[in-house]
Amino acid sequence: MAPAPSILEILGALLLYSYSFYFVLSGLSYVIVFVALRRRLGVTHVPAPRESLRAIWTSLGGNLGNVLLTAPIHWAILS
């Protein structure tokens, strides 16, 4: 049986996966709504860079909070 991973390994893996998942899905959502279907959906809003950056930082903070809350559970299961 393989040795149990440390809590730092679990934190790193969860952060890597959650941030990569976030950037892929949010980028895809932006491309679909603001680029591909802009005329069809009638989107006239042009997002401000400052507003977008604030939303990104808020989401990254939420992801970090979720990782910190779930890492001990993952560690307990894998130990």
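**View 1. Few residues of this predicted model are buried.** Buried residues account for 13% of the 79 residues in the protein. The protein exposes about 6400 Å². Carbon and sulfur atoms supply 72% of that exposed area.

**View 2. The fold is built from helices.** The protein has three helices and zero strands. Along the sequence, the pattern reads α-α-α. The radius of gyration is 18 Å, well over the 12 Å that the globule rule gives for 79 residues, so the protein is more spread out than a compact globule. Its C-alpha trace spans about 55 × 25 × 15 Å along the principal axes. Take the contacts between residues at least 6 apart in sequence: 80% of them join residues at least 24 apart.

**View 3. Five residues form the largest nonpolar core.** They are Ile10, Leu11, Leu14, Val67 and Ala71. Helix 1 (7–36) and helix 3 (49–78) each supply at least two residues of this core. Helix 1 gives the largest share, three residues.

**View 4. A close look at Val67.** Which residues does Val67 contact, leaving aside its neighbours within four places in sequence? The partners are Leu11, Leu14, Leu15 and Ser18. Val67 also belongs to the largest nonpolar core, as do Leu11 and Leu14.

**View 5. A nonpolar patch lies on the surface.** Phe21, Val24, Leu25, Leu28 and Ile32 make this patch of about 500 Å². One of them, Leu25, sits in helix 1. Leu25 has a relative accessible area of 44%, so it counts as partly exposed. That value falls between the 20% limit for buried and the 50% limit for exposed.

Key:
Residues are numbered from 1 along each chain as its sequence is written. This is a predicted model: local features need pLDDT of at least 70, side-chain atom pairs count only at pLDDT 80 or more; totals for chains, interfaces and linings use all residues. Side-chain values use heavy atoms; hydrogens and water are left out. A nonpolar core is a set of buried Ala, Val, Leu, Ile, Met, Phe, Trp, Tyr and Cys residues joined through side-chain atoms within 4.5 Å. Buried means under 20% relative accessible area, exposed over 50%, partly exposed in between (1.4 Å probe, protein chains only). Helices (H or I, at least four residues) and strands (E, at least two) are DSSP runs, numbered from the N terminus. Contact means heavy atoms within 4.5 Å. Patches are made of residues with over 30% relative accessible area and no salt bridge: like charges are joined within 9 Å, nonpolar side chains (Val, Leu, Ile, Met, Phe, Trp, Tyr) within 5 Å. Accessible areas come from the Shrake-Rupley method with a 1.4 Å probe; for residues, only the protein chains shown count as cover. A salt bridge is a side-chain nitrogen of Lys or Arg within 4 Å of a carboxyl oxygen of Asp or Glu. The radius of gyration is taken over C-alpha atoms; the globule rule is 2.2 Å times the number of residues to the power 0.38.
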